[in-house]
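Me: I have a structure open and would like to learn how to read a sheet and the parts around it. Could we go through it step by step?

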Amino acid sequence: MGRPSYAHNAGYYRSVDPDDDLSQPWQSTPFSDHELPLSPLRPVFDIPRVTPESPITSSSSTPTISLIRVPVPGRKKGFWARIRKFFQTGTFSLDEEIVISIPSGNASKSNTFQSSKVELHEWKQYGYWARPMLHDVMAINSPVTSEKSITTQDLKSRIQNLRGPNHSPHPETWVPGVKHRALPPRPSRWKDPVPNEPLPFPWEVQINPLLQHSLWGPSPLSWCLSDNPLSPTALRYGCTPFIVDCEPPDFAQPATYPFLTHMHFNAVAGDTAPTFPWPFTVYNPRGIQNGDILTEIWKTFQVPVTRDEQMSWPPLRQQAAARALKERCQMESYRRMERFDDVMRRCDALGGIMWFRGIEPTINGGGWMITFGTH
């Protein structure tokens, strides 16, 4: 039986033990031999290339904005309609045009990000380095300010010190930044963010496979929004017929390539509200990781809802939220083996649609959007 598909970029992380041959270079877990699922086809707009004469530039502190005209085919009309169109606009075409503003930014830099596709195993290699498993203890190796090479004997001693009396774990004894050929190397693709440097736009970055939104089938992660993602059994891999909990190094993987320091979430896919009422920003000056996004989403939707806010919702949403609150309390009572009562929280406003399905840029490119589903 082959390894599951999630093992391409997540899953089991092999441990380095003091009894291993530490003179040999480190080797990652063998890649999964499971066939990857087909990537869903997404509808896209064919935006014409912007000519050099079209940009409208503001000050140097803001991005360049390019205005382009995109033709929208109109309905076929008769001869006299075309004549009237000619006298009004000087053309016989009945096609309408819409004007779209696109930040030009640094085209060469954007093309570099988009053309250099991150292979699945590279995401996992970063998790190996950031949270290495040593003597079956997860060490903290990121963030790191400097790196230092050590001898094989010193490495063996440090790995042994991760276990104390009665084999108790002591991850606090590990010093971040240790380099040795037997340890997972630091991936060179992800660079530390430079303070005050302009960030790529949402559509220019690559999203971690665990956070990507799949249009059909199981999502990469199975997570109910009411559960704290940091609890041991809250997150599971979705693309498997068995219950397999996510590994802690998965949380330390980069959320995007390249690293982003700010991600503003201002929409929920399919929400009937005119605007998302609870926008929030994920921030990490050292580069946003998977755990940063999942934790901030959970915190945002755990905020209690006021009575006035509830009454402002349409009746159908109020009813769905009340049912969701009742179901959530019943489920938590079953877990705790005792009665559990709670106030209404933002996650209840989603009704039964509170299973995480991924993230993606908003349609207008002005931020990030969360997708939820019923499973």
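The dialogue below takes up a sheet, a helix and two residues.

Reply: This is a predicted model, in which local features need pLDDT of at least 70 and side-chain atom pairs count only at pLDDT 80 or more, while totals for chains, interfaces and linings use all residues. Residues are numbered from 1 along each chain as its sequence is written, and side-chain values use heavy atoms, with hydrogens and water left out.

Me: In what order do the four strands of the open sheet lie?

Reply: Strands of a sheet pair through backbone hydrogen bonds, either parallel or antiparallel. Helices (H or I, at least four residues) and strands (E, at least two) are DSSP runs, numbered from the N terminus; two strands pair if DSSP finds at least two bridges between them. Here the order is E13-E12-E15-E14, with mixed pairing. Strand E13 (280–283) and strand E14 (355–361) are the edges, each pairing on one side only. On average, neighbouring strands are turned by 35° against each other, direction ignored.

Me: Which strands run parallel, and which antiparallel?

Reply: E12 (residues 262–268) and E13 run antiparallel and are joined by four bridges; in one pair, Met263 has Val282 as its bridge partner. E12 and E15 run parallel, with three bridges, and Val268 stands opposite Ile370 there. E14 and E15 are antiparallel, joined by six bridges, and Trp355 is paired with Gly373. The hairpin of E14 and E15 has six residues between the strands, and its Gly365 takes a positive phi near 75°.

Me: Which way do the side chains of E15 point?

Reply: In a regular strand the side chains alternate between the two faces of the sheet. In E15, Trp368, Ile370 and Phe372 point one way, and Met369, Thr371 and Gly373 the other way. Six of the six residues of E15 are buried, where buried means under 20% relative accessible area, exposed over 50%, and partly exposed in between (1.4 Å probe, protein chains only).

Me: Where does helix H6 lie?

Reply: Axes are lines fitted to C-alpha atoms, for helices over the stretch in contact, and angles run from 0 to 180 degrees between N-to-C directions. Helix H6 (residues 290–301) lies across E12, E13, E14 and strand E15 (368–373), at about 150° to E13. Nine of the 12 residues of H6 are buried, so the helix is largely enclosed by the rest of the structure. Among them are Ile293, Leu294, Ile297, Trp298 and Phe301. The buried residues pack against strand E9 (221–222), helix H5 (248–251), E12, E13, E14 and E15, contact meaning heavy atoms within 4.5 Å.

Me: How far apart are Tyr283 and His262 in sequence and in space?

Reply: They are 21 residues apart in sequence, and 4.7 Å apart in space from C-alpha to C-alpha. Tyr283 lies in strand E13 and touches Thr261 and His262, if residues up to four places away in sequence are not counted.

Me: Is Asp348 buried or exposed?

Reply: Asp348 is buried, with a relative accessible area of 0%. Asp348 lies in the loop between helix H8 (315–336) and E14. A polar contact is a pair of N or O atoms within 3.5 Å; within protein, one must be able to donate a hydrogen and the other to accept it, and residues adjacent in sequence count only if both atoms are side-chain atoms. One such contact, of 2.9 Å, joins the side chains of Asp348 and Arg328. The side chain of Asp348 also reaches the backbone nitrogen of Arg345 at 2.9 Å.
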